[in-house]
Amino acid sequence: MAILVIFGRNNTHADPVKNARGCWKLGDVVDVFDDDKPVVRPPAAPFYVVKITGVTKAQVEKYLAPETRAVTVEGREEIEVLRRRLYGLSVADIPAAIRNQLQTNRYVEVSWEQIRQYVRNKLTGVGE
Amino acid sequence: MATITRYVDPNAAAGGDGTTNGLSGSTCAYASMAIWEAAQQQDLTDGGGDIAECICDSNGGAADTTNVIIDGWTTGADSYIWIHTPTSSRHDGKWNTSKYRLTITSNNCITSYESFIRIDGIQMHVTSSANHRAFSMPTFDDGGVHYYSNLIIRATLSGTSVGTGFSATTQSTGTRTRHIWNCVVYDWVNGTNACAGLSVSNGNGYTNYLYNNTLHNCYTGIVGNSKTHTRNNLIRSCNTATSGLTAGNQNYNATDNASLGYTAQANDRTSQTFTFVDEANDDFHLASSDSGAKDFGVSDPGSGLFSDDIDGQTRSGSWDIGADEYVAGGVIEGQASLTQDAHAVSATGEMPLSGGASLSQGNASLSAIGDVAITGAAALVQGGNSISATGTIPITGTAAIVQDAQSISSAGTMLIAGVAALQQDSNSLNAAGTVSITGEASMTQTSHTLSATGTVGIVGTVLRSRMLMGIGR
């Protein structure tokens, strides 16, 4: 089992570059934990907590990765962040019963099979 | 203007609002710095100037393992991000796995796009086979000011990594300022790759002030630009001490290399021998015997920016070079008393007890790298563990030492003089030098040996009991 801390709103910035690159968006995975991590219920805003059976922390850690590209700075290859997270939970698309629990309690327990297709690559739109 | 204070503790439950340092309940600390950053991301200037304070602690010893990107905020000179540890639970100047730390694998520890930020007292460890940093600053608006202090920044690099402690994108114009002081930076090395401890070059759009940092085992210690100013930096065991620096902006730096990488200035020091307390275990505090850095720095290089060292100890006199200011340990004097029941008392320097001072040590060892001096009417009561000193242990005046169940050993001499009294009940007393008992001093040793590789001198109206063994007596 793994625990995902999900950002629960869309932040914005007047600077369009900062807005796209730096602002947290609804569904971004902020952090992940093993299932033995205690969880405050309900979690404080602006977070949702999703406890998922059938998947390990190691398997979901990739959802913490930003969207990046390689650039060369002073002859060295550097990693430039384009967006906070490459993957996100598509909250609007998850089944209503789960979404309602999430919005009411800010917390839900689901299986990986129930939710994996809604964890999507933002570039391709493809679920896991 | 307000300070928005929130707490981070990796031992806390997930889902707290961060308003307390508790580990459970709705107001508990955020469980990672990344969660704090997400929760607090905001415009700090909209209310006239707020400070976003992030207090990092680890009440339980867990590490924070999630990399942090600070971005999407609006900051200003009076509206900045302030990340720090509470002074009471900061690392002790060396890597400490019971204190707050960011330990990140295959990523940067902190990537910051914000222009006004202060980070103090954090430990960071990057493990990577790629080009990752402790701090990456991809953009940094003109006029921005960064402060980094009292940090421990280390790396374990492999593969093709060209890791550096700091990095930023090139800015050739403008004025961006970075102040970095009292940081210990080590192991930014991976064969002959161009790794570096403090890489603050990136064009002349940056002005850098580097004071009192200790850099150890980095391929290059400091990589700077023509607007980098350094004072009191200690650079040891690096392939190249510095590169890119303009000589006129540097002084009072020291290295074991033959060259600092620029034309040495009047008070710079090359080919020095530095002595640390425990280099093998990455403890880069200066030893009392150091002759390469101690008292060779300039006082107050930052013109009031800071006055202490990485341990929070006040610097004085001619400052030491590097992150640590050597301070003789454990001074207990006057009518002061220290009662220590179940933990060790140790000093990297001498430990004098003088005047009417008393030290009562219940059940753990007392050790000093220098002398343990007990003078005047001072008393030392040591219940259940050893007393040791790499220097001498003089007990003089009317001082008394009572040691119940463990050994007393001194690498130097052991003098018991005046009307001093030593009572040692059930273990040995050893001195590499002489043991002298003079005047009306008394020594009671009930059930174990007393030995000295030098002489055991007993002079005057000395009262003594128990067997003596003296080589050369």
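**Chains A and B in a predicted model**

Asp187(B) sits in the loop that links strand S14 (184–186) to strand S15 (196–199) of chain B. The model is predicted. Asp187(B) is not a glycine, yet its phi is positive, at about 70 degrees. Asn212(B) is another non-glycine residue with a positive phi, here near 55 degrees. This residue lies in the loop between strand S16 (206–211) and strand S17 (214–216) of chain B. Its relative accessible area is 0%, so Asn212(B) counts as buried.

Strands S14 and S17 also belong to a sheet in chain B. The sheet is open and has seven strands. Their order is S5-S8-S11-S14-S17-S20-S23, and the pairing is parallel. Strand S5 (101–105) and strand S23 (254–255) form the edges, each pairing on one side only. Inside this order, strand S8 (residues 123–128) is paired with strand S11 (residues 152–157). Six bridges join the two strands in the parallel sense. Ser128(B) of this region stands opposite Leu157(B) in S11(B).

The loop ahead of edge strand S5 holds Asn96(B); strand S4 (81–84) lies on the other side of that loop. Asn96(B) has a relative accessible area of 12%, under the 20% limit, and is therefore buried. Beyond its neighbours within four places in sequence, Asn96(B) is in contact with His91(B), Arg101(B) and Gln123(B). Two of these partners can be placed in the sheet: Arg101(B) falls in the range of S5, and Gln123(B) falls in the range of S8. Asn96(B) and Gly61(B) are 35 residues apart in sequence. In space, their C-alpha atoms are 9.2 Å apart.

His285(B) belongs to strand S25 (residues 283–286) of chain B. Its relative accessible area is also 12%, so this histidine is buried. Neighbours within four places in sequence are again set aside here. His285(B) then contacts Asp92(B), Gly93(B) and Lys94(B). Further partners are Thr275(B), Phe276(B) and Val277(B). Asp311(B) and Asp324(B) complete the list.

Helix H1 (residues 33–40) of chain B is mostly covered. Eight of its eight residues are buried. Among them are Trp36(B), Met33(B) and Ile35(B). Glu37(B) and Gln40(B) are buried as well. In an α-helix, residues three or four places apart point the same way, because each turn takes 3.6 residues.

Chain A contains four helices and eight strands. Starting at the N terminus, they follow the pattern β-α-β-β-α-β-β-β-α-β-α-β. The radius of gyration is 15 Å; a compact globule of 128 residues would have a value near 14 Å, so the two agree. The C-alpha atoms occupy a box of roughly 50 × 30 × 30 Å along the principal axes. Of the 128 residues, 49% are buried. Among contacts with a separation of 6 or more, 63% join residues 24 or more positions apart. The accessible surface is about 5900 Å², and carbon and sulfur atoms supply 48% of that area. Chain A carries 19 positive and 16 negative charges, whose mean positions lie 6 Å apart.

Two cis peptide bonds in chain A lead into prolines. One runs from Arg41(A) to Pro42(A), with omega near -5 degrees. The other joins Ala45(A) and Pro46(A), with omega about 10 degrees. Pro42(A) lies in the loop between strand S2 (29–34) and strand S3 (47–53). Pro46(A) is likewise found in the loop between S2 and S3.

Note on methods:
Residues numbered from 1 in each chain as written. Chains lettered and ligands numbered in written order. Predicted model: local features only at pLDDT ≥ 70, side-chain atom pairs only at ≥ 80, totals over all residues. Heavy atoms only, no water. Rg over C-alpha atoms; globule rule 2.2 N^0.38 Å. Buried < 20%, exposed > 50% of the residue type's maximum accessible area, 1.4 Å probe, protein only. Contact = heavy atoms within 4.5 Å. Areas by Shrake-Rupley, 256 points an atom, 1.4 Å probe, with all protein chains shown as cover. Lys, Arg positive; Asp, Glu negative; His and termini not counted. Charge placed at Lys NZ, Arg CZ, Asp CG, Glu CD. Pairing = 2+ DSSP bridges.
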